[in-house]
Amino acid sequence: MRTAYVRRITKELIEKYNYQPPIPVEDLIAKLGLTIREVSTELDIDAKLDANKMRITVNRFQTNPFRRRFSLAHELGHFVLNHHIKPWEFEDPETGKSFVEPEADEFAGSLLLPQQLLTEHIKKGVPLNDIQTKFQVSNQALWVRLEIYRLTKFLRV
Ligand SMILES: [Zn+2]
């Protein structure tokens with residue numbers, strides 16, 4: 001999985017459009033030429049990319065706004081990282097396992113909670129609740145990022 005590459009892409013997108021948190025995911029999707037289609041389904045699906053139609057479908061029944069933002073960012077990640085073009089190229093040569101899902105998660109996580117910005121907030125001692133509100137992410141997504149960026153050691157207890 002191309003962690004550094006994915007983070008560079010999200011950083012460049014944020015800088016290109018001069019975004020501040022909360023990163024406006026739906027605006028970015030529109031800027032990159034995709035549309036969002038809302039559907040109502042009982043199926044356990046949050047969102048799905050249809051690259052041929054340049055469209056992301058989201059489940060209207062998924063009402064948690066933080067989860068919706070993450071799902072949209074995840075699907076946008078598949079598109080930006082070209083996972084739909086040659087899916088077989090995104091496999092670990094040793095294990096044969098595809099890394100498109102971890103990469104899309106890294107895209108979503110580093111887009112919504114950019115490493116540099118989150119690190120600054122943590123080192124300044126900004127309370128996690130305030131960070132969550134400012135970046136509009138779930139508690140779970142925030143903790144995942146804190147672990148991945150190795151920031152838990154800076155938390156004040
Ligand atoms: Zn996915």
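Modeller: The expected span of a helix is 1.5 Å times one less than its number of residues. The model discussed here is predicted, and helix H4, residues 100-112, is a suitable place to apply that rule.

Biologist: How do you know what span to expect for H4, and what span does the model show?

Modeller: H4 has 13 residues. At 1.5 Å a residue, 18 Å is expected, and the distance from the first C-alpha of H4 to its last is 18 Å, close to that expectation.

Biologist: Which residues of H4 are called buried, and what makes a residue buried?

Modeller: A residue is buried if 20 or more other C-beta atoms lie within 10 Å of its own. The residues of H4 that are buried are Glu103, Ala104, Glu106, Phe107, Ala108, Gly109, Ser110, Leu111 and Leu112. Among the elements covering them are H1 (3-16), H3 (65-80), H5 (115-123), H6 (128-135) and H7 (139-148).

Biologist: Is the packing of H1 on H4 called parallel or oblique, and why?

Modeller: The axes of H1 and H4 are 9 Å apart and meet at an angle of about 40 degrees. Angles under 35 degrees count as roughly parallel and those from 65 to 115 as roughly perpendicular; H1 is therefore oblique to H4. The crossing of H1 past H4 is right-handed. Thr3, Val6, Arg7 and Thr10 of H1 make the contact with Glu103, Glu106, Phe107, Ser110 and Leu111 of H4.

Biologist: What is notable about the backbone at Asn18, and is Asn18 buried or exposed?

Modeller: Most residues other than glycine have a negative phi. Asn18 is not a glycine, yet its phi is positive, about 55 degrees. Asn18 lies in the loop between H1 and H2. A residue counts as exposed with 12 or fewer neighbours; Asn18 has 6 C-beta neighbours inside 10 Å, and so it is exposed.

Biologist: Why is Asn82 placed in its exposure class?

Modeller: Asn82 has 13 other C-beta atoms within 10 Å. The exposed class ends at 12 and the buried class begins at 20, so Asn82 is partly exposed. Asn82 sits in the loop between H3 and H4 and has a positive phi of about 60 degrees, although it is not a glycine.

Biologist: How do you know which form the peptide bond from Pro21 to Pro22 takes?

Modeller: Most peptide bonds are trans. The bond from Pro21 to Pro22 has omega near 0 degrees and is cis. Pro22 belongs to the loop between H1 and H2 (25-31).

Biologist: Which residues does UniProt list for the domain named "IrrE N-terminal-like"?

Modeller: The unreviewed UniProt entry lists residues 33-146. Over that range the chain is 47% helix and 12% strand, and the end C-alpha atoms are 31 Å apart.

Technical notes. Residues numbered from 1 in each chain as written. Predicted model: local features only at pLDDT ≥ 70, side-chain atom pairs only at ≥ 80, totals over all residues. UniProt positions renumbered as here; feature names shortened; annotations may be inferred. Helix = DSSP H or I, 4+ residues; strand = E, 2+ residues; numbered from the N terminus. Contact = placed C-beta atoms within 7 Å. Axes fitted to C-alpha atoms, helices over the stretch in contact; angles between N-to-C directions. Parallel < 35°, antiparallel > 145°, perpendicular 65-115°, else oblique. Left-handed = near helix turned anticlockwise from the far one by under 90°.
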